[in-house]
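Work through the exercises below with the sequence and the coordinates at hand. Each task is followed by a solution in steps.

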Amino acid sequence: PDLVFCEQRFFACGMATGKSRKKAKPSGPKDVWEMIKGQMGNEWDFMWRAGNSATELDAAEARLGVKIPPRVRELMAVHAGAGFPGKNAPEFAAEVTLWPVTLWRLARDDEHARAEGEPTEEERDDIIIGQNIDHEDARYSLLRPAAGTVLSLNTDSGDAEPEGSFEEWLTSVRQDVEALSKQIRDGRGKGGITVDAIVKAHRESLEKLPDAQKSVLLPHWKKVEGEYTEVLTLLVEEPA
């Protein structure tokens, strides 16, 4: 199967061991991100983008004409996602889809994301906050600002599934890198996926993006691509 992941709400998914353990729910925004980074594993710390500045958050609000909920602002000020490859991951995981606020845009202005017909009052301010770019059909993460909730939109089916609050979404689904490593290992000599294929496909997806998105996301990937390849290869070669 293409998708390998574990889903644990308010649980830490041990990426190096595949085990789960219950943790106290964090309170401060930095604590939330430390929990998320711990879920992925410390070996992936290099992947996380720096947070957005207050100036960038204010500019996004002015550009969108929408107030970003205070808790969302706090969390985005610490980290602005990571940009993990999304082909062999949960389709809407935050570490895959979440973008910096400089790239956020209104769903009603996007031909793939806008609702059919006139948007309802509830839908009118929906914001595209990220995308799994490694799927042929767009997979968008939407923020509904008034409620502070996230929706996962599959543009192929038109289904928009609620994911809870922005913070719940951030902490709910993690890619099981150990399972992905095993899938790569087990597929050797059988036409299975490879580390190089994952990396190449993600770079090609980034290169196909519109210039505004590519200019932000591609440089980050180029910066981390080599280390991502090394870490994933190490996990494949030396399973826990």
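**Exercise 1. The faces of strand β6**

Task: Determine which residues of β6 point one way and which the other way, and whether they are buried or exposed.

Solution.
Step 1. The model is a predicted one. From β6, R139, S141 and L143 point one way.
Step 2. Y140, L142 and R144 point the other way.
Step 3. Residues on both sides are buried, the two arginines R139 and R144 among them. The count for β6 is six buried residues of six, so the strand is mostly covered under the cut-off of 20% relative accessible area.

**Exercise 2. The partners of β6**

Task: Find the strands that pair with β6, and state how many bridges join each pair.

Solution.
Step 1. Strand β5 (residues 127-132) runs antiparallel to β6 (residues 139-144), and five bridges join them. In this pairing I127 has L143 as its bridge partner, and I128 has L142.
Step 2. The connection from β5 to β6 is a hairpin through six residues.
Step 3. On to strand β7 (residues 149-154): its pairing with β6 is also antiparallel, over six bridges. Here Y140 of β6 is bridged to L153 of β7.
Step 4. β6 and β7 form a hairpin too, with four residues between them. G148 lies in that turn and has a positive phi of about 70°.

**Exercise 3. The sheet and its edges**

Task: Give the strand order of the sheet that contains β6, and work out which strands stand at the edges.

Solution.
Step 1. The order is β4-β5-β6-β7-β8, an open sheet of five strands with antiparallel pairing.
Step 2. β4 (105-106) and β8 (159-165) each have a single partner strand, so one side of each lacks a neighbour in the sheet. These two are the edge strands.

**Exercise 4. The surroundings of S165**

Task: Describe where S165 is found, how exposed it is and what it touches.

Solution.
Step 1. S165 belongs to strand β8.
Step 2. Its relative accessible area is 24%. Buried requires under 20% and exposed over 50%, so S165 is partly exposed.
Step 3. Leaving aside residues up to four places away in sequence, S165 touches G148 and T149. G148 is the turn residue with positive phi in the β6-β7 hairpin.
Step 4. From S165 to L151 the C-alpha distance is 9.2 Å, at a sequence separation of 14 residues.

**Exercise 5. Helices**

Task: Classify the packing of α7 against α8, and locate the buried side of α6.

Solution.
Step 1. α7 (residues 195-207) and α8 (residues 211-237) pack at about 175°, and their axes are 10 Å apart.
Step 2. Angles over 145 degrees count as roughly antiparallel, so α7 and α8 are roughly antiparallel to each other.
Step 3. Residues in the contact include V195, I198, V199 and L206 of α7, and L217, L218, W221 and Y228 of α8. By class, the contact has 10 nonpolar, three polar and five charged residues.
Step 4. In α6 (residues 177-186), the residues V177, L180, S181 and I184 are buried. They cover an arc of only 100° around the axis, so they lie on the same side of α6.

Definitions and conventions
Residues numbered from 1 in each chain as written. Predicted model: local features only at pLDDT ≥ 70, side-chain atom pairs only at ≥ 80, totals over all residues. Heavy atoms only, no water. Axes fitted to C-alpha atoms, helices over the stretch in contact; angles between N-to-C directions. Parallel < 35°, antiparallel > 145°, perpendicular 65-115°, else oblique. Contact = heavy atoms within 4.5 Å. Nonpolar A, V, L, I, M, F, W, Y, C, P; charged D, E, K, R; others polar. Pairing = 2+ DSSP bridges. Buried < 20%, exposed > 50% of the residue type's maximum accessible area, 1.4 Å probe, protein only. Arc of directions from axis to C-beta.
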